[in-house]
Every structure is written in structure tokens, then in C-alpha cells.
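Open the model in your viewer and switch to a cartoon view. This tour tells you what to select at each stop, and what you will find there.

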Amino acid sequence: MTPSTASHPWHYAFGRQRNWQWRGWRVRYTYYRSQNSGEADSALPILMVHGFGSALTQWRHNGQVLSQHHPVYALDLVGFGGSEKASAPYKVEFWVEQIFEFWDTFIGRPVVLVGHSLGALVALSTVVAHPALAQGLVLMTLPASRQEMLPAWASAIAGTMERVFANSWVVRPLFRLMQQPSMMRRALNLAYTDPSRVTDELVELYCMPTWDRGAAQTLVRLSKAATHPSYAPNTIQLLDRLNVPTLVLWGECDRIVQLKNRQVIFDHHPCMELRTVPDAGHCAYEESADVVNQEILHWARTVSSTVNSDR
């Protein structure tokens, strides 16, 4: 049975939520006006991109705080959250186009672009493709693409096997399981270091989009798309082209995307600063919201003052 929509947190007043028609698809976004009227015209806007399976509501502990000094925007990638579960060509390049056209339509001036997990990969790809979009970048974990994890011969074999298991007869039963709050809670417990953070409210936030029309078929499309090398670019190659000041934030206890195999990449990159978040897992933006908010605000001030001093 579909859960009641009368009072679930999907409809929380999270900023000024609106729908935008992009290429014929519905996209949900939200906006916080800067609360500091003296900084409203000069402060860098902050644009936030959520992770896989999540939505703009993942930033509910960040948006209000960041808007004390900056205009804040967040949107749901097509296929996720309150955006349309569309028959779309799902891959990172597709979401890059969505981010760029959203920025071009609603913002039109340099931003601090913040991305988490899949959203970090989309954000990185966006600033490499469109460097004028961002004055600063914040990556909260950065997953490796499949071509980085597997040699070409293994990738071909793995891709064939993955495509077999990405068919609807496999994905749909798994999808129905994940619609159940108890199963969603188990999955979230892997992402959160502190089990007490996995509240009924959080579980419902993740469960509700699964009841949208087309959600099951969208997961099938996403699963199939993720088996192809064209789904995501090579992050090492992206970082070689990166020239935007970038802050990398990583939960020390992240079990989903571990830092140990990636740290050397960030430590020696001239544009990047790596800071770990103590006692936080994959969802540091919520588990250590105060720390993350202060890091983002400090980074925004840093990149803004650097650009102003160069003028």
C-alpha cells in the first residue's frame, strides 16, 4: 500500500520549492534567499547537488544555515527525489547538462558548487565542462568510475554480467523490498555511523520517492546505464583538467566510499584541499552538519576573497 502523503516529511517547508520544466521533464528545486541583506547582491550563491538515491531534502540541515550568508539553491536530478522518473538517457553527462542549464536559467553568475557522492562526480564533471559556472567547488566524497576500478578486459566481462542482473526481473523485486521501511533502514545503517541518526523521518524521506509513477522502471534504467563505461567519466582524467579551487570533505568512517585509496590523488593536486570529518560516515553533511556548514562557509569566503584580491 502506498504510504499516506498527508503529513510525511516529503512536503516539509524546505526553502522555496518550485518545479521547473527542463526539456519536457519536471525538475524540483528549492531556493533560500540570503538572510543577510547586505550580502545579498555580492555573496557567492551556493548550488547543492545530492547523491545517488537521495534528493534535495538531504540538505535540510545545511540550507538554512548557509543562507545566513549566501543565496542557496538545490535541485533534484532527473530520476530522483521530486523530479520526474523519466525515460531519459541516464549518465553523468546528462545530469551535467541539467545542472548547467539550471544555473544558466536561474543563477547566471559564478557559484560555489557543492556535490555529494554521485552529486560530487556530477559537480566535478560540470566545472570541468563549464569552468565559468563555479568560483569554488566542494566535493563530499568522490566515487571512482568503473574504468578506474577494473582493467578493460575485466570491465567488459563484469559489464556483461551486470547487464544480466540489471534486468527488470531482478531489479523490480529488489525495488519492492527497498520500498519497505525496514529494508530501507538497514541500507541507511550502512551509510550512517550513528544508528540513532536513522530516524523514522529519514527512512520516510528515502522511501517516498519510490512510490512515484515510473520509479521502478527508472531504477531499471539507472541499473542498466551504470553498467556501461560511458555512464561516468574517469575521475583521474577529470582532476587533471580541474583548475577551480576545490575543497574535498570526507567522513573518516565512510564505509560506502572509503578514502584510503583516493587520498594520494587529492594530497598532490594543486587546486585541492582535503579535510576529513571526524566521527562521520558517508552522510557527513547530516552526521556532522555544524562542521560541514562551517567548512563550506569558510571555503566560500576563501575563494571569494582570492578572486577579489586578484581584481
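Start with the contacts within the chain. Count those between residues at least 6 apart in sequence: 75% of them join residues at least 24 apart. Keep in mind that this is a predicted model.

**Stop 1: the whole chain**

Colour by secondary structure. The chain has 13 helices and 8 strands. Now switch on the surface. About 14200 Å² is accessible, and carbon and sulfur atoms account for 54% of that area. How much of the chain is buried? Of its 311 residues, 52% are buried.

**Stop 2: the sheet**

Hide the surface and select the strands. In what order do the 8 strands of the open sheet lie? Follow them across: 1-2-4-3-5-6-7-8. The pairing is mixed. Look at the two edges next. Strand 1 sits at one edge and strand 8 (272-277) at the other, and each pairs on one side only. Turn the sheet to see its twist, which averages 25° from one strand to the next.

Zoom in on residues 134-140 and 246-251. These are strand 6 and strand 7, which run parallel and are joined by 4 bridges. Pick Leu139 and look across to strand 7. Val248 stands opposite.

**Stop 3: two helices on the sheet**

Select helix 2, residues 92-106. Which strands does helix 2 touch? Helix 2 packs on the sheet and touches strand 1, strand 2, strand 3 (46-49), strand 4 (72-75) and strand 5. The direction of helix 2 makes about 115° with that of strand 1.

Move on to helix 3, residues 118-129. Helix 3 packs on the sheet too, touching strand 3, strand 5 and strand 6. Its direction makes about 145° with that of strand 5.

**Stop 4: an aromatic pair**

The whole structure contains 20 aromatic pairs. Show the side chains of one of them, Trp20 and Phe102. Are these rings stacked or edge-to-face? They are edge-to-face, with 65° between the planes and 5.6 Å from centre to centre. Trace each residue back to its element. Trp20 belongs to strand 1 (residues 18-22) and Phe102 to helix 2, so this pair ties together parts that are 82 residues apart in sequence. Both Trp20 and Phe102 are buried.

**Stop 5: two positive phi angles**

Select Arg23, in the loop between strand 1 and strand 2 (25-32). Arg23 is not a glycine, yet its phi is positive, at about 55°. Is Arg23 buried or partly exposed? Its relative accessible area is 47%, so Arg23 counts as partly exposed.

Now jump to Ser117. Find the loop between strand 5 (111-116) and helix 3, and Ser117 is there. Ser117 also has a positive phi, near 55°, and is a residue other than glycine. Its surroundings are another matter: Ser117 is buried, with a relative accessible area of 10%.

**Stop 6: the cysteines**

How many disulfides does the structure hold? The count is 0. Select Cys207 to look at one cysteine. With 4% relative accessibility, Cys207 is buried. Finish on Cys283. Cys283 is buried as well, with a relative accessible area of 4%.

How values were computed: Residues are numbered from 1 along each chain as its sequence is written. This is a predicted model: local features need pLDDT of at least 70, side-chain atom pairs count only at pLDDT 80 or more; totals for chains, interfaces and linings use all residues. Side-chain values use heavy atoms; hydrogens and water are left out. Rings of Phe, Tyr and Trp (its six-membered ring) pair if their centres lie within 6.5 Å; planes under 30 degrees apart count as stacked, over 60 as edge-to-face and the rest as tilted. Buried means under 20% relative accessible area, exposed over 50%, partly exposed in between (1.4 Å probe, protein chains only). Two strands pair if DSSP finds at least two bridges between them. Axes are lines fitted to C-alpha atoms, for helices over the stretch in contact, and angles run from 0 to 180 degrees between N-to-C directions. Contact means heavy atoms within 4.5 Å. Accessible areas come from the Shrake-Rupley method with a 1.4 Å probe; for residues, only the protein chains shown count as cover. A disulfide is a pair of cysteine sulfur atoms within 2.5 Å.
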